[in-house]
Amino acid sequence: MKYRKLRDLKVSPIGTGCMGFSHGYGEVPGKEYTINAIRKAHDFGCTFFDTAEVYGREQFYEGHNEELVGEAIEPFRKDIVLATKLHIDENALKTTKLYNVIKSHLENSMKRLRTDYIDLYYLHRLNEFIPVEDVAGVMGQLIDEGIIKAWGLSQVSVETLDKAHKVTPVSAVQSLYSMLERDLEKEIFPYCLKNNIGVVPFSPIASGFLSGKVTADTKFEGDDVRKFVPQLSKENIIANQPILDILKNISQEKNATTAQLS
């Protein structure tokens, strides 16, 4: 098995993003299927699993996905790198300090995940009312306390990343990246290479488009977030068909699926 480094964390090249078991892609599979799928991924060598406190809020309740992941990974928790994420509401800071707010989120996540530490703790999305430097300072405290091993950011500019990294070194940036979405190559990749920060792409097959299974006739229903993805509008799916045609030709030569190739 080859591995990748997110600063000091060693992970399998492909991680298991668990959001879809609770939210995001229409009807979700049952609990038994989910538990088996996560454990099967581990059996095949995956050591990197990703969730978030908000996954499941739309169809179930906040923390739903973390509960599923926690049950699934419990038998091999110490053998994997576990990532989860938090979002901070500035209103919570009216009654207590930022450290207490983040620590409370973290403790709730750990309880649901059946663990006493988190390997990689992401700030899920920026809150413009809370300086990222302040969040970085708290993350540094939590690392010193041994409750988290590393921290990361999601969907941030290089300017924001730099501000945070100067306070507490960032281990990973999770952002949208695929053959169709390559903006990270302009500034984020060079910065991360220079500063020993790992990049974790999400939607690497463009929300399913690069698999070839999403067509102009595909209907996204329920809480399927692809309803709001411009690339997956009917006219853009048709316009991007030549990309799939090229991928299909190469995938046949390589004896691989277009998703594997992507």
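Student: Why is C46 called buried?

Tutor: C46 has a relative accessible area of 8%. Buried means under 20% relative accessible area, exposed means over 50%, and partly exposed covers the values in between (1.4 Å probe, protein chains only). The 8% of C46 lies under the first cut-off, so C46 is buried. The model is predicted: local features need pLDDT of at least 70 and side-chain atom pairs count only at pLDDT 80 or more, while totals for chains, interfaces and linings use all residues. Residues are numbered from 1 along each chain as its sequence is written, and side-chain values use heavy atoms, with hydrogens and water left out.

Student: How do you know that C192 counts as buried?

Tutor: The relative accessibility of C192 is 2%. That value also falls under the cut-off for buried, so C192 receives that label.

Student: Why is C46 not bonded to the closest cysteine sulfur?

Tutor: The closest cysteine sulfur to that of C46 belongs to C18, at 8.2 Å. A disulfide is a pair of cysteine sulfur atoms within 2.5 Å. The separation of C46 and C18 is therefore too far for a bond.

Student: How many disulfides does the structure hold?

Tutor: The structure holds zero disulfides.

Student: How many aromatic pairs does a search of the whole structure find?

Tutor: Two aromatic pairs are found. One of them joins F49 and F76.

Student: What makes the aromatic pair of F49 and F76 tilted?

Tutor: The ring centres of F49 and F76 are 6.3 Å apart, and their planes make an angle of 40°. Rings of Phe, Tyr and Trp (its six-membered ring) pair if their centres lie within 6.5 Å; planes under 30 degrees apart count as stacked, over 60 as edge-to-face and the rest as tilted. The distance of 6.3 Å meets the pairing cut-off, and the 40° angle falls in the remaining range, so the pair of F49 and F76 is tilted.

Student: Why does this pair tie together separate parts of the chain?

Tutor: F49 belongs to strand β4 (residues 48–50), whereas F76 is in the loop between α2 (64–73) and β5 (81–86). The pair therefore links parts that are 27 residues apart in sequence. Helices (H or I, at least four residues) and strands (E, at least two) are DSSP runs, numbered from the N terminus.

Student: Are F49 and F76 buried or exposed?

Tutor: Both F49 and F76 are buried.

Student: How do you know that the charged end of K10 sits over the ring of Y3?

Tutor: The charged end of K10 is 4.7 Å from the centre of the Y3 ring. A charge sits over a ring if NZ of Lys or CZ of Arg is within 6 Å of the ring centre and within 35 degrees of the ring normal. The 4.7 Å of K10 satisfies the distance limit, and K10 is assigned as sitting over Y3.

Student: Over which ring does the charged end of R77 sit?

Tutor: The ring is that of Y117, with 4.0 Å from its centre to the charged end of R77. This distance likewise satisfies the limit.

Student: What makes the phi of R114 worth noting?

Tutor: Phi of R114 is near 60°, a positive value, and R114 is not a glycine. Most residues other than glycine have a negative phi. R114 is in the loop between α3 (98–113) and β6 (118–123).

Student: Why is R114 called partly exposed?

Tutor: Its relative accessible area is 43%, which lies between the two cut-offs, so R114 is partly exposed.

Student: What is the phi of N196?

Tutor: N196 has a positive phi of about 60°, although N196 is not a glycine. N196 is in the loop between α6 (188–195) and β9, and with a relative accessible area of 44% N196 is partly exposed.

Student: Why is I205 called partly exposed?

Tutor: I205 has a relative accessible area of 28%, so I205 falls in the intermediate class. I205 is in the loop between β9 (198–202) and α7 (234–239). The C-alpha atoms of I205 and A259 are 6.2 Å apart, with their positions 54 residues apart along the chain.

Student: Where is G212 found?

Tutor: G212 is also in the loop between β9 and α7. G212 is partly exposed, with a relative accessible area of 26%. From G212 to A259 the C-alpha distance is 7.8 Å, at 47 residues apart in sequence.

Student: What makes L142 buried?

Tutor: L142 has a relative accessible area of 0%, so L142 meets the cut-off for buried. L142 is in helix α4 (residues 132–144), and its C-alpha atom is 9.9 Å from that of Y121, 21 residues apart along the chain.
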